[in-house]
Amino acid sequence: MTFMGPAGIPADENNGTDIFGHWGPYSDRYAGVSHIADLERGLRFDLSAFPVTPGKRSLPFENTGHGNIYTYWAASPTLEEYTYRFIMDSDRKAWCDVSYVEHDNAGRLFRVDMHNQSGKQWAGDFHLLAHLRHPPLDYFARIGNTSLRCGVTALPEGAIWVKSLDYDRLNLASPDKHDALPERGLLRREVRAQGSVGGSLLGRGFGKAQGDAVIYLFDVPRDMTNAILLLRGRSDTDQEASFMLSGAVDGPFTFPVSDEFAVLPVPAGRLQAGTHELRMTSLGGGSVLFDGFAVLPGDQADQVSFTVIDPHAAPTIEIIGNGKGMILDYPAVEQFYGYAIHMPSGGRMRSLMWRELYEAFGDKWDISGEDRIHGGGRYGEGDADARFIDMGFTMEPLPDGGNRRYWGMVCQGSKAEVRASLDEFLARSAEDYESRAPSFEMLPPYNADGEPFAFSQQLMSAATAMNIIFPHRYERRYSVGYTPAKMWGVLYTWDNGMHGIALNLLDPAVSAALMYQMTTAPGAETPFIWGGAPMPMPFYQFHEWWNRSRDRETLALLYPRFKQMYEWFIGRGHGSNTRGPAKDRLISTYEYFYSLGWDDYPGNTFARMSEKAGWPAPVSQSVHTLVAARALAHAARELGLKKDEAVYQADARELERAILEDGWDGGSGYFGYVVYDDESGEPLGMIRGRRKRPSNERPHREPDNLEWYVGGTEGVNINMGLDGVAPWFAGIGSPEQRGQQFELLSTEGRLWTSIGLLTVDLESPFSCPGYSIDRVWNAPLWWFWKGALDQGKGEFAYNIAHAVLQNARDVAEKSWNTYENFSYSEMEGGGTSLNYAGHAAPELDFFHSYYVPGTISFGHDAWVEQQEWSEEGTEVRSVVRFEQDRPGETRLVLVVFETGGTVTATWKGRNVPAERVTDGGVYVRLPCKQEKGELIVKER
């Protein structure tokens, strides 16, 4: 994450520690506190404090596969304090709160609160589990991922090392789609590789195509009379990788076929102090894994060495405080780590080397005599020799009705500093730290009718803040960054945009930092940070952030970055092929990813099948891009960029025309997936399909049971779902078309149900139980809720918000957890992970918008230029610009006051209707015109 300073200037391009600090819940493995041990190398120290119930899987494993062991309970937005609640019995009547609170830059305090209301005695252990985690080899793998064995180089004084990815230019003779949009924040042709210096290198087929070239500029610190370059790399094919070198050295050069990196000398002769160039141009043949090169005097070449760090080297351990703490000295880092806890007696220490530890603290919990536990099981993949240091304390039984509290500390520094901190901590009584007690009141004040939803929103607020990981890697550096859930340790474009909707409410500065992270500087290799489905969700976050912050200086910083992202989505920038052969028609990203965010949405399956006929395009991607164009047009006007504004407006009109002309299916009331001719780009027709035989299976699991058609009347529109009605929330279509779509959206038994909008119409032949199909997803409901405000559909908007909040309430009360989605067939929370935020996080916006005083909410169309609340919170003045013009229709603005008094509203000096919707919430109804004016809403 990058900190946004008071004037919107990035104070730190590299890591985000200016917002979150070096301590936080950054582990993607185990719940606890982490310290960024080495920012440049991506090393992280983890400490987990947790209870263990014999016979019960108790390890705080960041994965849904091990049941509801704990939950994110409460957190401040920037993580000065946060709490996990551990469940110590199956009925959730015995629990343990472990809270981590800010202490100083060197460490954190933690408080353990145990409670037993189970009706029986609780007996068990308490553990402190430490681990030095090296960055993963593959960021997309789930938990259990293999650690990176990073190479380091030792150089004589005056020598330099140039990393292969620190090039000035990379020219590719045959670029592929991932060169236009590198995935997960990597550079073009970046590869994570064991043994490479820094962990990443230049590869992924580089050099296979004749003419591939990379150019380096490097500074020589002093004159070298007999310089030499040592190039480190190897061919990763069965052919040698041949290059022509020029610049600092000239001539042909070959990387051998090898399983190990070769270090190959190239004499350079005299190199004067200053800047030099090295160009490597492929002669074709084998591709290379190129790690970099050293520059130094030739007579010092034997002083260069390369070693590989063992990520699991055992630390030196010193037990302190009569077994109540320890100091660890890891060979991989300079600083020492230490921790201690005020327990009645000392604990036992063991060093565990294992892939995953859940059985060690479950059925096999009492294994203090074993040094190595051979893993396996469901999550057996990964580090076979991962080393964990465990300190276990045998607890006195906790009687029914009993409570216990313990304080602990974890810190880092020199050995003397760590010892002094822990000695002072243990010398003081635990009561001395009660002034540092955590707060569980993290929600803003809310009206009484919001009380039924407060608990679930406390959990979602915590999940939004705590789903954060170090290390993410993007654009050559390691960083703190958000993830939808800890088992998905990637910067997701789709999820982070929706995650940001909630961050706008919790802390707009944090939201701005996330947007800065997910976008890139103009001219960067990648147009934005792409992970998962490439959908332009950050534009919703961007628009909402502005309406809530109105920080013009930061807007000026973010705007060119969002413009670059937008140019890719619209098909104009960075070699984008989102328009395929149809340069002015619908947008499709199927060339880059297998889905549009709904993994098993029927349209995805049929689109893949119809690729044989042409180039398939859905509707929703164009709708989202159109909404993005409108938001950027507002931003451009705010910044005085009239030419940009005109471009975005023209793009929006073009997309709207393509949606209406190519995609409308009046017979079903849905827009369809359109197939375009691969050569001419002309539309061939919409995709229709059917099942050959009746089935309740998800379409992608039985493609042989599907038939598809392009055009014609056979089969049915395969887009009978939220993609097919996406134009509605953007206000696209005639009143009759939008009316027909609203009927589908609001009719029980079609898209609408008792739990909200389903992804697929219940009358579709492809409706069935499934991860995406019969589920309620908060992000799409948020799009339609905003659209309902734009179109004056107040009851529908409330029904959407209320359904989402009820779903969250029900699953929270039952499970103390947050979920990715909600299942209609099972009436349960569902998805890939517990403690989920990501695209589920917009439920916080529903709660604030109806129940938190001082909140004002608009649809997609509004751009707030000025806004001010009175000190008493009884009046708000807002200068707003609207762009959509629908004669005879109205739009709604939602305002929340603290009391339920009489409300009056004026727009441009004229009285307008104000309709009570909750105890403090009021809908203000405005004409749907293209205009700017001042809205004044008062409560008496």
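Where is the place of R184? R184 sits in the loop between helix 2 (177-180) and strand 12 (190-192), with helices (H or I, at least four residues) and strands (E, at least two) being DSSP runs numbered from the N terminus.

This is a predicted model, in which local features need pLDDT of at least 70, side-chain atom pairs count only at pLDDT 80 or more, and totals for chains, interfaces and linings use all residues. Residues are numbered from 1 along each chain as its sequence is written, and side-chain values use heavy atoms, leaving out hydrogens and water.

Let's look at the backbone. Most residues other than glycine have a negative phi, and most peptide bonds are trans. Two residues with positive phi are tabulated here.

| Residue | Phi | Place |
|---|---|---|
| R184 | about 60 degrees | loop between helix 2 and strand 12 |
| R476 | near 75 degrees | loop between strand 28 and strand 29 (477-482) |

R476 is partly exposed (between 20% and 50% relative accessible area, 1.4 Å probe, protein chains only), as its value is 35%. Strand 28 (residues 468-474) holds P471, and the peptide bond from F470 to P471 is cis, with omega near 5 degrees.

Now to helix 5 (residues 493-506), where T493 is found. T493 has 0% relative accessibility and therefore counts as buried, a term for values under 20%. A polar atom of the T493 side chain lies 3.0 Å from the backbone oxygen of I529. T493 also touches, among others, M518, F528, W530 and P538, not counting residues up to four places away in sequence; contact means heavy atoms within 4.5 Å.

Definitions and conventions:
A polar contact is a pair of N or O atoms within 3.5 Å; within protein, one must be able to donate a hydrogen and the other to accept it, and residues adjacent in sequence count only if both atoms are side-chain atoms.
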